[in-house]
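The exercises below are meant to be worked with the sequence and the model side by side. Please attempt each task before reading the solution that follows.

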Amino acid sequence: MISGTTRLIGIVGHPVAQVRMPGNLNPLFARTGQDLAMLPFDLDPVAVPQFIGMLRATANLVGTVVTVPHKQAIARNIDVLSVRARALGAVNVVRRDADGSLHGDHVDGFGFLNAARAHGFKSAGQHALVIGAGGAGSAIAYALCETGAAGVSVLDTDEERASSLVRMLRSQFPEVDIKTRCDTLLGLDLVVNVTPVGMSAQDPMPLSGALLTTLEASTLVCDAITSPEITPFLAFARDRGCRTQTGAEMATASVEFIGSFLRFMPEVNPIAVITAPLPC
């Protein structure tokens, strides 16, 4: 029940009709007795400055989740960015302080890790391959480095985009072995496809046949695609005996992670959330 005392959290995108987070988080807020409610805003990109002004001026609008296409534009318009949000040039959560100042963070990669740890994966000391250097792939690669991965390789059909991401990651995490190539899947603990390849039955695999022959059964193989749930890439990995993580699992775990993160504002360290014990 929304009342005059309810603190509001936005979720802003364009379009926004497809977002599921309000339907997942509002029941969670009700079950846990929090006087919070999430409201969707379908925001025309040209109106981002006006939205920022409303967020600054509205005392009971305590923050917002940010989805496409606004992650970069909103990051350019707020006051304080976390180190990771500044490095990625984007935000997906914004907190409003009592004085109207806006603080942004980017925790998409931690949503992915929230799903992966349910399969027994912990980043520390591990070696991973991220296929796709776009927004989601960049966030996942950054989160892997931030949580102690020993090595991260990034592949993308746009070689300059992959190289740009790797340069940024190397500057932030000089202790991590970060590459723009992958000659074998032997020894990898995690492989994640964060590209659209696999959405259509006519799509090729996201990796070459030669690379796929080196996939080991000990590797956790993940796909960000939600439809089909079992992509040809995941089906191949299952045939090799690998544990697999679907895009639907990633989406659900991301909502759960952001729900934990949003409980909310004071500032929360996402690493503390992602390393907390899993619920029984």
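On a 1 Å grid over the protein atoms alone, a cavity is a set of points where a 1.4 Å probe fits but cannot get out, whereas a pocket is an open set with protein on both sides within 12 Å along at least five of seven lines, and lining residues have an atom within 4 Å of a point. Grid points are joined across faces, edges and corners, and a volume is the space filled by probe spheres set on the points.

The model is predicted, so that local features need pLDDT of at least 70 and side-chain atom pairs count only at pLDDT 80 or more, while totals for chains, interfaces and linings use all residues. Residues are numbered from 1 along each chain as its sequence is written, and side-chain values use heavy atoms, with hydrogens and water left out.

**Exercise 1. Describe the second largest pocket by its volume and its lining.**

Begin with the volume: the second largest pocket holds about 300 Å³ of space. Next, list its walls, which are made by 17 residues, with Ile 131, Leu 155, Asp 156, Thr 157 and Thr 195 nearest the centre. Finally, sort the lining by class, counting Ala, Val, Leu, Ile, Met, Phe, Trp, Tyr, Cys and Pro as nonpolar, Asp, Glu, Lys and Arg as charged, and the others, Gly among them, as polar; the lining of this pocket then divides into 10 nonpolar, five polar and two charged residues.

**Exercise 2. Explain why Cys 145 and Cys 222 form no disulfide.**

Start from the criterion, a pair of cysteine sulfur atoms within 2.5 Å, under which a search of the whole structure returns zero disulfides. For Cys 145, the closest cysteine sulfur belongs to Cys 182 and is 15 Å away, which is too far for a bond. For Cys 222, the closest cysteine sulfur is that of Cys 242, at 10 Å, and this too is too far for a bond. As for their surroundings, with buried meaning under 20% relative accessible area, exposed over 50% and partly exposed in between (1.4 Å probe, protein chains only), Cys 145 is buried at 2% and Cys 222 is buried at 0%.

**Exercise 3. Locate Ser 254 and find what it touches.**

First place the residue: helices (H or I, at least four residues) and strands (E, at least two) are DSSP runs numbered from the N terminus, and Ser 254 belongs to helix α10, residues 247–261. Its relative accessible area of 17% makes Ser 254 buried. Then look for contacts, meaning heavy atoms within 4.5 Å: leaving aside neighbours within four places in sequence, Ser 254 is in contact with Gly 111 and Phe 112. Both Gly 111 and Phe 112 are among the buried residues of α5, a helix spanning residues 108–116 in which eight of the nine residues are buried. Within its own helix, a polar atom of the Ser 254 side chain lies 2.8 Å from the backbone oxygen of Met 250.

**Exercise 4. Which residues does Val 80 touch beyond four places in sequence?**

Val 80 lies in strand β4, residues 80–81, and is partly exposed at 37% relative accessible area. Its contacts, not counting residues up to four places away, are Leu 102, His 103 and Gly 104. The C-alpha atoms of Val 80 and His 103 are 4.7 Å apart, although 23 residues separate the two along the chain.

**Exercise 5. Where do the cis peptide bonds before Pro 15 and Pro 69 lie?**

The bond joining His 14 to Pro 15 is cis, with omega about 0°, and Pro 15 sits in the loop between β1 (7–13) and α1 (21–31). The bond from Val 68 to Pro 69 is also cis, with omega near 5°, and Pro 69 occupies the loop between β3 (61–66) and α3 (71–75).

Terms used
A polar contact is a pair of N or O atoms within 3.5 Å; within protein, one must be able to donate a hydrogen and the other to accept it, and residues adjacent in sequence count only if both atoms are side-chain atoms.
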